[in-house]
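Here are my notes for you, written as numbered points. Keep the viewer open while you read, and look up each residue as it comes along.

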Amino acid sequence: MKRPEKIQARIEPRYEPLLHPKPYKVLYGGRGGGKSWTVARILLGLAYARSLRILCCRETQESIAESVKKLLDDEIARLGLGWFYRSTRTAIYGLNGTEIIFAGLRYNYESIK
């Protein structure tokens with residue numbers, strides 16, 4: 001299968017500043033605003049375009065299956081990128097060398113580099 005040039009994924013105009021290089025980006029808003037899905041879509045698109053190492057953190061990481069990994073897996077399927085990304089129990093890997101890993105911060109923040 002030939003690799004498509006671009007991923008066809010739309011984001012709302014209010015989230016377009018996330019596409020511009022800045023050292024810090026903060027999203028505000030309540031539940032159900034689409035922030036998590038939008039960030040997942042952007043990260044997967046960036047990691048498709050070039051090899052990245054992405055660390056997804058939460059304060060507590062009780063179950064990786066119930067966290068952002070499930071959201072990323074669902075978005076990979078929705079975007080039709082299952083051929084490009086390989087999802088294991090603990091990480092997601094792209095054909096271009098991209099790694100997306102997950103960690104909880106509360107008990108092991110000093111070990112994350």
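1. Start with the charged side chains: Arg 41, Glu 75 and Arg 78 are joined in a network of salt bridges. Within it, the side chains of Glu 75 and Arg 41 meet at 2.7 Å, N to O. Glu 75 belongs to helix H2 (residues 68-79) and Arg 41 to helix H1, so this pair ties together parts that are 34 residues apart in sequence. Are these two residues buried or exposed? Both Glu 75 and Arg 41 are buried.

2. Please keep in mind that this is a predicted model. The mean pLDDT of the protein chain is 80, and 76% of its residues reach 70 or more. Confidence is lowest in strand S1 (residues 53-58), with a mean of 82, and highest in strand S2 (residues 85-87), at 97.

3. How many salt bridges does the structure hold? There are five. As a reminder, side chains of opposite charge can pair when their charged atoms come close. One of the bridges joins the side chains of Glu 99 and Arg 53, at 3.5 Å from N to O. Because Glu 99 sits in strand S4 and Arg 53 in strand S1, the pair ties together parts that are 46 residues apart in sequence. Have a look at the surroundings of the two partners: Glu 99 counts as partly exposed, at 28% relative accessibility, whereas Arg 53 is exposed, with a relative accessible area of 70%.

4. Another salt bridge stays inside one helix. Asp 74 pairs with Lys 70, and their closest N and O atoms are 2.9 Å apart. Both residues lie in helix H2, four residues apart, which is about one turn of the helix. An α-helix has 3.6 residues a turn, so residues three or four places apart point the same way. Asp 74 is partly exposed, with a relative accessible area of 30%, and Lys 70 is partly exposed too, at 44%.

5. Now try a small check on helix H1. What span should its 15 residues have, at 1.5 Å a residue? The expected value is 21 Å, and the end C-alpha atoms are 21 Å apart, so the two agree. Several residues of H1 are buried, among them Thr 38, Ile 42, Leu 44 and Tyr 48.

6. Ala 47 deserves a point of its own. This residue lies in helix H1 (residues 35-49). Its relative accessible area is 0%, and buried means under 20%, so Ala 47 counts as buried. Which residues does Ala 47 contact, leaving aside its neighbours within four places in sequence? The answer is Leu 52, Ile 54, Phe 84, Tyr 85, Asn 96 and Thr 98. You can also pick out Leu 95, which is 48 residues away from Ala 47 along the chain, while their C-alpha atoms are separated by 9.9 Å.

7. Finish with the hairpin of S3 and S4. Strand S3 (residues 91-94) pairs with strand S4 (residues 99-104) in the antiparallel sense, over three bridges. If you want one bridge to find on screen, take Ile 92, whose partner in S4 is Ile 100. Four residues lie between the strands of this hairpin, and Gly 97 takes a positive phi near 100 degrees.

Technical notes. Residues numbered from 1 in each chain as written. Heavy atoms only, no water. Pairing = 2+ DSSP bridges. Helix = DSSP H or I, 4+ residues; strand = E, 2+ residues; numbered from the N terminus. pLDDT = per-residue confidence, 0-100. Buried < 20%, exposed > 50% of the residue type's maximum accessible area, 1.4 Å probe, protein only. Contact = heavy atoms within 4.5 Å. Expected span 1.5 Å × (residues − 1). Salt bridge = Lys/Arg side-chain N within 4 Å of Asp/Glu carboxyl O.
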